Amino acid sequence: YKRQVSTQSTGSLVEVVTNEVVETNAMTSVFSLHMNAFRLAGDILHLLSFVLLIIKIRKSRSCTGISLKTQFLFAVVFVSRYLDLFWAWFSLYLVVMKLIFIGSTFYIIYLMGWKYRNTYNREDERKFNLLWLIIPCFTLALIFNHKFTVSEVLWAFSLYLEAVAILPQLLLLQKTKIVESITSHYIFCLGGYRALYVVNWVYRYFTEPNFVQWIIWVPGVIQTILYCDFFYYYILSMKEGKIMELPEVNI
């Protein structure tokens, strides 16, 4: 009887330890599969973009040259994508990053829309209707998604919307032509973050079995392409040591 109890206790202990090991290995596999140098560098650039923009606005006490409509679109992107904060847990890293993205974006909107609203020229963006981007992206999300559920549709919507959210900002820069140094660094970091994510996907495609995610890849590549013209003039200005200046276009 004592031996039987001992055996049962030992078996229960082994089972508990085994379950803990399995859970630990599962979390480890998440990091090993989804985190690499390219993605980490992309995340760092993304964080740096927030820091640069907040410094620019706070230091100059002005939001000249910054698109409030782009910031609003980013807020919609992050809220739609990170609703899983309320019911899913992946890692402390992801939770912290999601909260930073959401909090920083709404803080920037506060600075532009309230604290320094007198420096924001609404006329520069008056003609750009955000519904031109939101409605098509939401329609695409209803058609192309992993699963037709509220969370999955909103997640797909955030991918499509993020791909084009920078358009109001790029159009605003085309109007102003002259781009402040710190503003150019901010946009370069935004584009660089997405470009590094594309490299991350290529790396994972060749190192992970069955890694195919077209619903992520296509909008991500489109988003990167939208930055290419900006990248060219940014690198040119850095090479020549001049303030970035965009060619004049009629918008």
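**Reading backbone, burial and salt bridges in a predicted model**

Modeller: Lysine 177 is partly exposed, with a relative accessible area of 24%. Partly exposed denotes the range between buried (under 20% relative accessible area) and exposed (over 50%), with a 1.4 Å probe and protein chains only. The model is predicted, so local features require pLDDT of at least 70 and side-chain atom pairs pLDDT 80 or more, whereas totals for chains, interfaces and linings use all residues. Residues are numbered from 1 along each chain as its sequence is written, and side-chain values use heavy atoms, without hydrogens or water.

Colleague: Where does lysine 177 lie in the chain?

Modeller: Lysine 177 belongs to the loop between α7 (167-176) and β1 (178-179). These labels are DSSP runs numbered from the N terminus: helices are H or I of at least four residues, strands E of at least two.

Colleague: What is the phi of lysine 177?

Modeller: Most residues other than glycine have a negative phi. Lysine 177 has a positive phi of about 70°, although this residue is not a glycine.

Colleague: Asparagine 210 is another residue to examine; what is its phi?

Modeller: The phi of asparagine 210 is near 60°, again a positive value in a residue other than glycine. Asparagine 210 sits in the loop between α8 and α9.

Colleague: Is asparagine 210 buried or exposed?

Modeller: Asparagine 210 is exposed, because its relative accessible area is 79%. Lysine 177, by its value of 24%, is partly exposed.

Colleague: How should one read the overall layout, and how many helices and strands does the protein chain have?

Modeller: The protein chain contains 9 helices and 2 strands. Followed along the sequence, their order is α-α-α-α-α-α-α-β-α-α-β. Within that pattern, β1 (178-179) comes after α7 (167-176), with lysine 177 in the loop that joins them.

Colleague: What percentage of the residues in the protein chain is buried?

Modeller: The protein chain has 251 residues, and buried residues make up 41% of them.

Colleague: Turning to charged contacts, how many salt bridges does a search of the whole structure find?

Modeller: A salt bridge is a side-chain nitrogen of Lys or Arg within 4 Å of a carboxyl oxygen of Asp or Glu. The search of the whole structure finds 8 salt bridges. One pairing is that of arginine 81 with glutamate 162, whose closest N and O atoms are 2.7 Å apart. This pair links distant parts of the chain, since arginine 81 lies in helix α3 and glutamate 162 in helix α6, with their positions 81 residues apart in numbering.

Colleague: Are arginine 81 and glutamate 162 buried or exposed?

Modeller: Both arginine 81 and glutamate 162 are buried.

Colleague: Which residues are linked with them in a network of salt bridges?

Modeller: The network of salt bridges links Arg81, Glu162 and Arg194.

Colleague: What partner does glutamate 123 have in a salt bridge?

Modeller: Glutamate 123 pairs with arginine 126, and the closest N and O atoms are 2.9 Å apart. Arginine 126 counts as exposed, because its relative accessibility is 53%.

Colleague: Which residue meets lysine 242 in a salt bridge?

Modeller: The side chain of lysine 242 meets that of glutamate 240 at 3.9 Å, N to O. Lysine 242 is exposed at a relative accessible area of 55%, whereas glutamate 240, at 46%, counts as partly exposed.

Colleague: Finally, which residues make the nonpolar surface patch?

Modeller: Patches join residues with over 30% relative accessible area and no salt bridge: nonpolar side chains (Val, Leu, Ile, Met, Phe, Trp, Tyr) within 5 Å, like charges within 9 Å. Here Val202, Tyr205, Phe206, Val212, Trp214, Val218 and Ile222 make a nonpolar surface patch of about 750 Å² (Shrake-Rupley area, 1.4 Å probe, only the protein chains shown as cover). At least two residues of the patch come from each of α8 and α9.

Colleague: Where is the place of valine 202?

Modeller: Valine 202 is in helix α8. This valine is partly exposed, because its relative accessible area is 44%.
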